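Work through the exercises below with the sequence and the model open side by side. Each task is followed by a solution that proceeds step by step.

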Amino acid sequence: NCCKTITLNTQQRCGFKKAVKETKTKKGVIEEAGPSHTQPSEGLIHKRGASPPVEPSVAYSRSFGRLVKPLVFTIGFTGCSFGTAAIWQYESLKSRVQSYFDEVRADWLEKLRPQKQGDLRKWINQWWNSLSEGQRTVAGIIAANAVVFCCWRVPSFQRSMIKYFTSNPASKTLCFPMLLSTFSHYSFFHMAANMYVLWSFSSSIVSMLGREQFMAVYMSAGVISTMFSYVCKTASGRLGPSLGASGAIMTVLAAVCTKMPEAKLAIIFLPMYAFSAGNALKAIVVMDTAGLVLGWRYFDHAAHLGGALFGVWYIMYGHELIWKNREPLVKVWHDLRTKGPSGGGNGGSGPQ
């Protein structure tokens, strides 16, 4: 069984695998069991150190027919993500002038207001304003991952967490976990390592794409990498649950390395060894390809590879094919916004 991974200096999606042990059956619980692609008993739970339990598998045949719904979900969700991002960017640009005057007014009032010593709110605002746009953008993603991590610690949530926050092609629930598992980590080190990499690359990726396009790419990458994992697991018969942000983070890493191949990177624990981003990407792709072909099962190499390939494709072709062709959608939205009950104008192209 496998799970998704991270990047250079991080742990990858933790895997769940344990040798088969004698099972003791209770109503709804089995203390130990083998890999999830074996025939499970009712309420199968699979433990390995800090790994989460495993959802009972359905009666499963290696049929790609079960992947039709996840494929439709992937296409639909990706389209909605980029459509929403295009409208979000339109609204952001539309309100920029008003925001500018609001900020000027706020600064003027701040000068008139008596200064408070040790004002926590002021300190937080100063810290927040000191962050780059990329860091502020991923702060919400990191907070969401932290909340989900805490939910794993609540015993009464376990059944729902296993069902919706781990992705497994043998599960009864296939679509929603493709997205939700991207925000799910059972191990604190796994989450901390993933979020550190995301934070490290946030400024670069958001300066390249803008926050709206970045969010569309990141959310789509989580679903696309899981879809790639589903296909590979079904083809190989190596079924099992996956969780973690690694597939989406691999897309971020691959996009930055493709756009800036000469940039210098280093491993956090070995900062004295630097290498180019292009070489780092090649090494990661080779490692995950080898893991996929050779059947290494601790990490979800298929999800990593799918995320990396999506990142490379998007920078080379996807930006031109998708983002630069958003004008018709933005124009429709602009027309809807300007044609209101008050009899607005006759529309036109929105801000680009």
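**Exercise 1. Place Q158 in its helix, decide whether its side chain is buried or exposed, and find its polar partner.**

Solution. Q158 belongs to helix α5, which covers residues 158–164; helices here are DSSP runs of H or I with at least four residues, strands are runs of E with at least two, and both are numbered from the N terminus. Residues are numbered from 1 along each chain as its sequence is written, and side-chain values use heavy atoms, with hydrogens and water left out. This is a predicted model, in which local features need pLDDT of at least 70 and side-chain atom pairs count only at pLDDT 80 or more, whereas totals for chains, interfaces and linings use all residues.

Next, take the accessibility: Q158 has a relative accessible area of 17%, so it is buried (buried means under 20%, exposed over 50%, and partly exposed in between, with a 1.4 Å probe and protein chains only). Finally, a polar atom of the Q158 side chain lies 2.5 Å from the backbone oxygen of W152.

**Exercise 2. Describe the surroundings of H185, beginning with its position and ending with its contacts.**

Solution. Start with the position, which is the loop between α6 (176–180) and α7. The relative accessible area of H185 is 0%, and therefore H185 is buried.

Then look for polar contacts, meaning pairs of N or O atoms within 3.5 Å; within protein, one atom must be able to donate a hydrogen and the other to accept it, and residues adjacent in sequence count only if both atoms are side-chain atoms. The H185 side chain has such a contact with the side chain of N145 at 3.2 Å, and another, of 2.9 Å, with the side chain of N194. Contact in the broader sense requires heavy atoms within 4.5 Å; once neighbours within four places in sequence are set aside, the residues touching H185 include F149, W152, H190, M191 and L243.

**Exercise 3. At what angle do helices α7 and α9 pack, and which residues make the contact?**

Solution. Two packed helices are described by the angle between their axes and by the distance between those axes. For α7 (residues 188–209) and α9 (residues 246–259), the angle is about 40° and the axes are 9 Å apart; the axes are lines fitted to C-alpha atoms over the stretch in contact, and angles run from 0 to 180 degrees between N-to-C directions. The crossing of these two helices is left-handed, that is, the near helix is turned anticlockwise from the far one by less than a right angle.

On the α7 side the contributors include N194, L198, F201 and I205, and on the α9 side they include I249, L253 and V256. By class, the contact residues of α7 and α9 comprise 11 nonpolar, four polar and one charged (Ala, Val, Leu, Ile, Met, Phe, Trp, Tyr, Cys and Pro count as nonpolar, Asp, Glu, Lys and Arg as charged, and the others, Gly among them, as polar).

I249 sits in α9 and, because its relative accessible area is 1%, is classed as buried. Its C-alpha lies 8.2 Å from that of A221, although 28 residues separate the two in sequence.

**Exercise 4. Judge how confident the predictor is along the chain.**

Solution. The mean pLDDT, the predictor's confidence in each residue from 0 to 100, is 78 for the protein chain, and 72% of the residues reach 70 or more. Values stay under 50 over residues 1–50 and likewise over residues 342–352.
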